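Visitor: I like to see the cut-off behind every label. Could we go through the labels together and set each value against its definition?

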Amino acid sequence: MKRRKIMGLAAFGAVASLALAACGGGSTTGGGGSGSSPAAGPTGFNAAVTGVVNPSSKKSTGTLSFGLSSTPDSTDPANTYYAFMWNLTRLYTMPLMTYKSCPGQCGLAVVPDLATAPGVVSDNGLTWTYHIKPNVKYEDGTTVTSADVKYAVERTFDRTLFPLGPSYFTLLLGGNAAKYPGPYKDKAKTGLTAVDTPNSTTIVFHLAKPFADFNFVTAIPQTAPVPQKHDTGANYQLHPWSTGPYKFQSYQLNKQLTMVPNTFWNASTDPNAKQLVSKVTVTMNMNANDIDNRLLAGDLSVDAAGTGVQAAARAKILSSPSLKAQSDNPISGFLWFAYLNTKVAPLNNVNCRRAIEYAANKVNLQTAYGGPVAGGQIASTVAPPNVLGQKHFDLYEATTKPQGDPAKAKQALTACGQPNGFTTGIGYRSDRPKEVAAATALQQALSQVGIKTTLHGFPAGTYYANFCGVPKYVHQHGLGICFGGWAPDWPDGYGFFDFISAGNTIGAAGNTNIEELNDPIVNNLLDKYATTTDATVRNSYTSQIDHQIMVDAGILPEVYAKSLLYRGPNLTNVYVQPYYGMYNYAVLGLK
Amino acid sequence: MVTFIIRRLIATVFLLIVVSMITFAIFFLIPRLAGQTSYQLATQYVGRNPTRAAVLQIEAKLHLNEPIYAQYGRFLRGLVFGEHYNSGTSTTYCPPPCFGYSFKSQQPVWPQMVSSLPVTASLAIGAAVLWLIGGVTIGVISALRRGTIFDRFSMGIALAGVSLPIFFTGLISLELFSYKWPIFPNVTFVPLTQNPLLWARNLVLPWVTLAFLYAALYARLTRAGMLETMSEDYIRTARAKGLQERTVIVRHGLRAALTPIITIFGMDLGALLGGAIITEHTFSLNGLGQFTVLAVENQDLPEILGVTMLAAFFIIIANLVVDILYAVVDPRVRH
C-alpha cells in the first residue's frame with residue numbers, strides 16, 4: 001500500500017510538473033519594449049497590400065518567430081535563389097542595392113543599400129561604378145570595404161561550392177570572368193579582373209556587354225560583403241558575417257536559426273530595414289498545417305515561405321470575419337502557365353497554338369490552382385501586374401470569355417490545317433496536385449474542340465533536368481504542352497522574359513525556354529531592353545515583348561498567382577513587398 | 001555465447017553491406033539504366049538557369065561522371081577510412097563512418113544524422129515505454145477478465161488505435177490540446193539535457209499519439225497470448241500445486257506470453273529509431289524521419305544512403321539484441 005502511495009505521489013508530481021511547464025514554458029512572441037507604440041494604420045482584409053498595418057518604431061523584448069515548412073537552399077548570400085531567402089537575408093545582409101521598403105508599386109523600386117547611390121554607368125554602358133557607405137560595420141565592429149564586396153562577388157564564381165545561386169556575374173562580367181574559378185582555386189591570385197576597387201569605398205564593374213538592368217543584379221544578395229578573413233567557404237552558411245540589423249547567434253543546419261540584434265548595425269545607414277525585436281528565430285522543416293495553426297494561435301509570428309496558408313486554415317480564415325480582417329490576398333508575382341512548344345508538330349504552326357489559347361477554360365484552370373483566392377487571378381498576359389511596364393491586354397478572350405471560345409478555337413484549327421483537331425502530349429509535375437488538376441482541366445477543355453492529349457506526369461525534382469527542360473526529350477515524346485510557373489529575378493520585363501523567351505537561352509537540359517521560342521522581334525526587344533538605360537523607355541518594352549509572345553502563342557497564361565497570407569495581431573510594420581509578393585521581413589516588429 | 005555474438009556481428013556487417021549495395025543501386029544505378037546521363041543528374045544540384053560550365057563542375061565534384069563501381073568504392077572507403085573534403089578555405093577530415101557530403105547542403109551527412117538522433121530517440125523510447133506498459137497491462141487484464149465490459153471496451157479502443165492513422169490522431173490531439181486548449185502549446189523539441197521538464201512536456205502529445213497505435217496492437221497481442229497460455233496444462237498444474245494466483249499469472253503465464261511480444265518490440269523500436277516519419281512530420285519534430293523526407297525531396301543521394309543505412313543498422317541491432325536475449329533464455333538458439 002505504501003509503495004502504491006509513493007507511486008501515486010510520483011505520478012501526481014510528474015503531471016503537476018508537466019502542467020507547470022505547460023503554463024510557463026511556451027515561447028513568447030510578444031513582450032515589453034521601448035519606442036513609440038503602434039500608430040493607427042489601415043486595418044481589415046488586404047490592408048497590408050497597399051498600406052502599413054500597425055506602423056511602429058517600438059522596440060520589443062519579444063521574439064519574432066518564423067516557421068518554415070521547407071528548408072533554405074542556403075543561408076549563404078552567394079548560394080541562395082529562393083525568393084523567401086532573398087527576403088530573409090535582408091535581416092543579416094546589406095547588398096549594394098535593395099528594394100525600397102514600402103507597400104504598393106513603390107516597393108518595386110530598386111534603391112541603394114550598402115551603396116550611396118545607384119550605379120553610375122559609363123557612356124559605352126560597359127562600366128558600372130558604385131560608392132559604398134563609409135561607415136557600415138560588420139557584427140564585430142570592423143568597417144566594410146569595397147574589397148569585401150569584390151570578394152563576395154568573386155566567391156560566387158566557385159560553382160562547385162555555391163551551385164545554387166544565380167550566375168549573372170559569370171554571364172555579364174568581362175575580363176577573366178568566363179574562366180575565373182573563384183578565390184579558392186585561383187592559384188595565380190589574379191582575382192576577378194572585371195571588378196576594380198580603386199579605393200576602400202569604390203567598386204567598379206566592367207561588363208562584357210552593356211546591361212542596363214545591372215542595378216537589379218546588384219540587388220541580389222550576392223553583393224552583400226564578405227570579409228575574407230571570416231570566410232569559411234562551404235561552411236560560411238553556418239555563420240554569414242552580418243551587416244544587417246540581426247546577426248546569427250546559432251544555426252542548426254536545416255533545423256533552427258536564431259538571430260539576435262547586431263549591435264554595430266546603424267539604422268541611419270540602412271533605412272530599408274529595422275531592428276525592433278530582441279530575437280528572431282526561424283524554425284525549419286515544419287508541418288505546413290502546424291505552421292498555420294500556430295500562426296492562428298499566436299505561437300508563431302510569420303510563415304517564412306510566404307506562399308500562403310494551406311486549405312484547412314484558408315477555410316477557417318475566410319469563414320471568420322475577424323480572422324479574415326487579419327489576412328491579405330496579394331498577387332505574388334508568380335505566373336502559372338503552360339508552354340506551347342513551337343517546334344513540336346503540329347504546334348510548330350502558330351494557329352494550332354492559338355487554338356489552344358482559345359479553347360482553354362481559364363475558370364477551370366483557376367479552380368485547379370485553388371480558385372480566385374488561393375490560386376490566382378485569371379491571366380491574359382505573360383507578365384503579372386507587378387512587373388514594371390506591364391499593361392493589360394487580352395488577345396484570346398481570357399478575361400472576356402474565361403470559359404473558352406470553342407468557335408474561335410475551331411477557326412484557328414482550320415487555319416492550322418487541322419480542322420478536326422490533333423494529338424499532342426501534356427507534361428506536368430505529377431507530385432504537384434494543383435498542376436495535376438490543371439493538366440486534367442486543360443485536357444478536358446481541349447477535347448471539346450477535338451484536340452486529344454496524353455498526360456505525362458514527371459517528378460518535380462527532375463522536371464527541368466530530365467523531362468520538359470530537355471528539348472530532345474520533348475521532341476522525342478511529342479510534348480507539345482508543358483506546365484510551368486515563373487517569377488522573375490527582378491521585377492522588370494527583362495528580368496521576367498529573358499530566361500523564358502529569349503532564343504539564346506534554349507539549353508540542352510534545365511531549359512526554361514521550354515516553348516523554344518526564337519522570335520527575332522522578341523530577341524531584338526530583349527537586346528534593346530538590355531542596352532537602354534532610360535527606365536521609361538526600357539519599361540515600355542515590357543508590354544511589347546509580352547504582346548509579341550502572345551501573338552506567337554508561345555505561352556498559355558493561366559493565373560497570376562495569389563496567396564492568402566495571415567498576419568498575427570501582434571505584428572507591427574506589416575505590409576506586402578510587391579517584389580517578393582510576401583510580407584517585408586526586414587522591417588517587422590512586435591507590439 | 002561469445003561465438004554466437006561474433007557470428008551475428010559478422011552477419012550484421014554483411015547485411016549492412018548488402019543494404020548499402022541495394023540502396024546505392026536504387027538511387028545511383030537505376031537512374032542511369034533509365035537513360036539519365038550524369039549531366040542530367042548534376043543539373044538537379046545546380047540552381048535555376050545554370051550555365052553548362054557550372055553543371056559540368058558539379059558533375060565532376062560529385063563524381064557523377066565516374067563509373068558506378070568507382071562511386072560505390074568511394075562510398076565504402078569513406079565509410080571505413082573516412083574522407084577528406086575541401087570546403088574552399090580549408091580541407092576537413094570526415095572521420096569514419098563518413099557517409100559522404102550532402103549534395104545540397106555541402107555538409108557531412110553523419111553529423112546531421114547524429115544531430116537528428118536525439119529527437120527520434122526521445123520520441124521512440126518514450127513512446128515505447130508508454131505502449132509497452134500500457135499495451136501489456138491492458139492485454140493482461142483483458143485476458144484475465146475475458147468477456148467483461150473492461151475487456152470489450154479496451155479491445156474496442158485497441159481496435160480504434162490500430163485503425164486510426166497517426167496523422168489523424170496526431171492532428172486531433174494537436175487541435176485539442178495545443179491549439180484549442182493550449183495545455184501543451186508550441187510542441188518543439190527541447191533537448192533533455194537543456195530542460196528535462198520542457199523536454200517531457202513537449203513530447204507528451206507525440207508520445208501518446210505514437211503509443212496509442214502501438215499500445216493497441218500490443219494489447220491485442222498480449223491478450224491473445226495470455227488467453228492461449230493461461231489455458232495450457234502447466235498453468236493448471238501450477239494452480240493445482242497451490243501457487244499464488246499472482247505468481248501463476250506473472251511468472252508462468254505472462255513470461256511465456258511475452259516471448260513473441262519481445263520479438264515484435266525489438267523490431268518496432270528498431271524501425272522507429274530509424275525515423276518515425278509520420279509522427280515527426282505531424283508534430284514538426286526534426287528527427288531522422290524528417291531528415292529522410294527532406295533527403296528524398298532534395299534527391300540528396302548521400303543523405304538518402306546514410307539514413308537508409310542507419311535505419312537498417314537499428315533494425316539489425318534490435319534483432320541482434322532480441323536474438324541474444326533468446327539465446328540467454330533458450331540455449332538451443334546458440335547452436
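Visitor: Let me start small. In the hairpin of strand 1 and strand 2 of chain B, which residue takes a positive phi?

Guide: B:G88 does, with phi near 105°, in a hairpin that has 4 residues between the strands. Before we go on, this is a predicted model: local features need pLDDT of at least 70 and side-chain atom pairs count only at pLDDT 80 or more, whereas totals for chains, interfaces and linings use all residues. Residues are numbered from 1 along each chain as its sequence is written, with chains lettered from A and ligands numbered from 1 in the order in which they are written.

Visitor: How do you know that strand 1 and strand 2 of chain B pair?

Guide: Pairing asks for at least two bridges found by DSSP between two strands. Strand 1 (residues 83-86) and strand 2 (residues 91-94) of chain B have 4 bridges in the antiparallel sense, so they pass that test. One bridge sets B:Y85 against B:T92 in strand 2 of chain B. Strands here are DSSP runs of E with at least two residues, helices are runs of H or I with at least four, and the numbering starts at the N terminus.

Visitor: Where does B:P97 sit, and what kind of peptide bond joins B:P96 to B:P97?

Guide: B:P97 is in the loop between strand 2 and helix 5 (109-144) of chain B. The bond between B:P96 and B:P97 is cis, with omega about 0°. Chain A has a cis bond too, between A:A345 and A:P346, also with omega about 0°. A:P346 lies in the loop between strand 15 (331-340) and helix 10 (350-359) of chain A.

Visitor: What makes helix 1 and helix 4 of chain B roughly antiparallel?

Guide: Helix 1 (residues 2-33) and helix 4 (residues 68-81) of chain B pack at about 160°, and their axes are 11 Å apart. That angle makes the two helices of chain B roughly antiparallel, because the label applies over 145 degrees (under 35 is roughly parallel, 65 to 115 roughly perpendicular, the rest oblique). Angles run from 0 to 180 degrees between N-to-C directions, with axes fitted to C-alpha atoms over the stretch in contact.

Visitor: Which residues of helix 1 and helix 4 of chain B make the contact?

Guide: Helix 1 of chain B brings B:F24, B:F28, B:L29 and B:R32, while helix 4 of chain B brings B:I68, B:Q71, B:Y72 and B:F75. Contact means C-beta atoms, placed from the backbone, within 7 Å. By class, this contact has 6 nonpolar, 1 polar and 1 charged residues. Nonpolar covers Ala, Val, Leu, Ile, Met, Phe, Trp, Tyr, Cys and Pro, charged covers Asp, Glu, Lys and Arg, and the others, Gly among them, are polar.

Visitor: Why are helix 18 and helix 19 of chain A called roughly antiparallel?

Guide: Helix 18 (residues 520-531) and helix 19 (residues 535-552) of chain A pack at about 165°, with axes 10 Å apart. The two helices of chain A are therefore roughly antiparallel. Among the residues in their contact are A:L525 and A:Y529 of helix 18 of chain A and A:Y541 and A:I545 of helix 19 of chain A. The contact divides into 8 nonpolar, 2 polar and 2 charged residues.

Visitor: What makes strand 10 and strand 13 of chain A edge strands?

Guide: They belong to an open sheet of 5 strands in the order 10-11-12-3-13 of chain A, with mixed pairing. Strand 10 (246-252) and strand 13 (302-303) of chain A each pair on one side only. Within that sheet, strand 11 (residues 256-261) and strand 12 (residues 279-283) of chain A run antiparallel over 4 bridges, and A:L257 stands opposite A:V282 in strand 12 of chain A.

Visitor: And the two chains: how many residues of each are in contact?

Guide: 45 residues of chain A are in contact with 44 residues of chain B. Helix 1 (2-24), helix 7 (288-297) and helix 15 (463-467) of chain A each supply at least two residues of the side that touches chain B. The largest share of that side, 4 residues, comes from helix 1 of chain A. By class, the side of chain A has 16 nonpolar, 23 polar and 6 charged residues.
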